[in-house]
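Hi everyone, thanks for making time this morning. I'd like to walk you through one structure, so please have a look at it with me.

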Amino acid sequence: MPNYKTITKLGSVSRAKDFLQNPFWVCIGRTTPWDENEDNPPEAIITTVAIDEPILYKHLTQKYHVQPVTVEGDFYIDGQWYKVITEDEARDNLIPYVLLTNTITYNDIGDDTITFRQIGVYSRLIPKEGYENHELLTPDQVEDPGWLEWYANLEPVRVQPNQTLTFYIVIVL
């Protein structure tokens, strides 16, 4: 007779809780054009461990437990509404969704000639000595970027003066 094992839904919600307790950093990178078609970036690969040609790392402070909803919620992302919920609501309703959001501004980059093609979320980043309390780091200020938790390949993005880009990342654990 076979034995069946699984990670429970409650276990997944527990992973979501643990995940949200990490400090995260958003990294933008990859200035080199895509080999094929710039308007059709390659698919993200699950074995990727780092963002190519990092430009900057920005501390991420907005992170939430969320629930997909059919009516208007707090965030509308890729055709789906999400409502921010408490940790208790996530546990009680077995909802393992998290939302990470961050804003990149022209002032963060400071150069309107830079075009990037990747964005990633790192945990366990270690700044170099003297930069431990900085919210924005350049690659030369980072001892170890840490663990790449999520990333996306993008069409080319250039941040212009007075422009702000806000990224919304939903992860199901």
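**A strand with neighbours on both sides**

Let's start in the middle of things: Val26 has Val121 as its bridge partner in β7. Before I go on, please keep in mind that this is a predicted model.

Val26 has a partner in another strand too, because it stands opposite Lys58 in β2, and strands count as paired here once at least two bridges join them. Strand β2 covers residues 54–60, and it pairs with β1 in the antiparallel sense over 6 bridges. Now look across to β7, residues 115–123: that strand also pairs with β1 in the antiparallel sense, over 6 bridges. One of the positions to find there is Cys27, which stands opposite Gly120.

So how many residues of strand β1 are buried? The answer is 6 of the 6, residues 24–29, so the strand is largely enclosed by the rest of the structure. If you follow the side chains, Phe24, Val26 and Ile28 point one way, while Trp25, Cys27 and Gly29 point the other way, and all are buried.

Let's zoom out to the sheet. It is an open sheet of 5 strands in the order β9-β2-β1-β7-β11, with antiparallel pairing. At the edges stand β9 (136–137) and β11, each with a single partner strand, so one side of each has no neighbour in the sheet.

**The largest pocket**

Next, a pocket. The largest pocket has a volume of about 270 Å³. Two elements each give two or more residues to its lining: β11 (147–158) and β12 (164–172). Which of the elements gives the largest share of that lining? That is β12, with 5 residues. Among the lining residues you can pick out Ile77, Asp78, Ile119, Trp150 and Phe167. By class, the lining has 9 nonpolar, 1 polar and 1 charged residues.

**A lysine elsewhere**

Last stop: Lys83, which lies in strand β5, residues 80–85. Is Lys83 buried, partly exposed or exposed? Its relative accessibility is 36%, so Lys83 counts as partly exposed. Leaving out residues up to four places away in sequence, Lys83 touches His65, Val66, Gln67, Val69 and Asp74. For a sense of distance, take Arg30: 53 residues separate it from Lys83 along the chain, and their C-alpha atoms are 32 Å apart.

That's my tour, and I'm happy to take questions.

Terms used:
Residues numbered from 1 in each chain as written. Predicted model: local features only at pLDDT ≥ 70, side-chain atom pairs only at ≥ 80, totals over all residues. Heavy atoms only, no water. Buried < 20%, exposed > 50% of the residue type's maximum accessible area, 1.4 Å probe, protein only. Helix = DSSP H or I, 4+ residues; strand = E, 2+ residues; numbered from the N terminus. Contact = heavy atoms within 4.5 Å. 1 Å grid on protein atoms, 1.4 Å probe; cavity = no way out; pocket = protein on both sides within 12 Å on 5 of 7 lines; lining within 4 Å. Points joined across faces, edges and corners; volume = space filled by probe spheres on them. Nonpolar A, V, L, I, M, F, W, Y, C, P; charged D, E, K, R; others polar.
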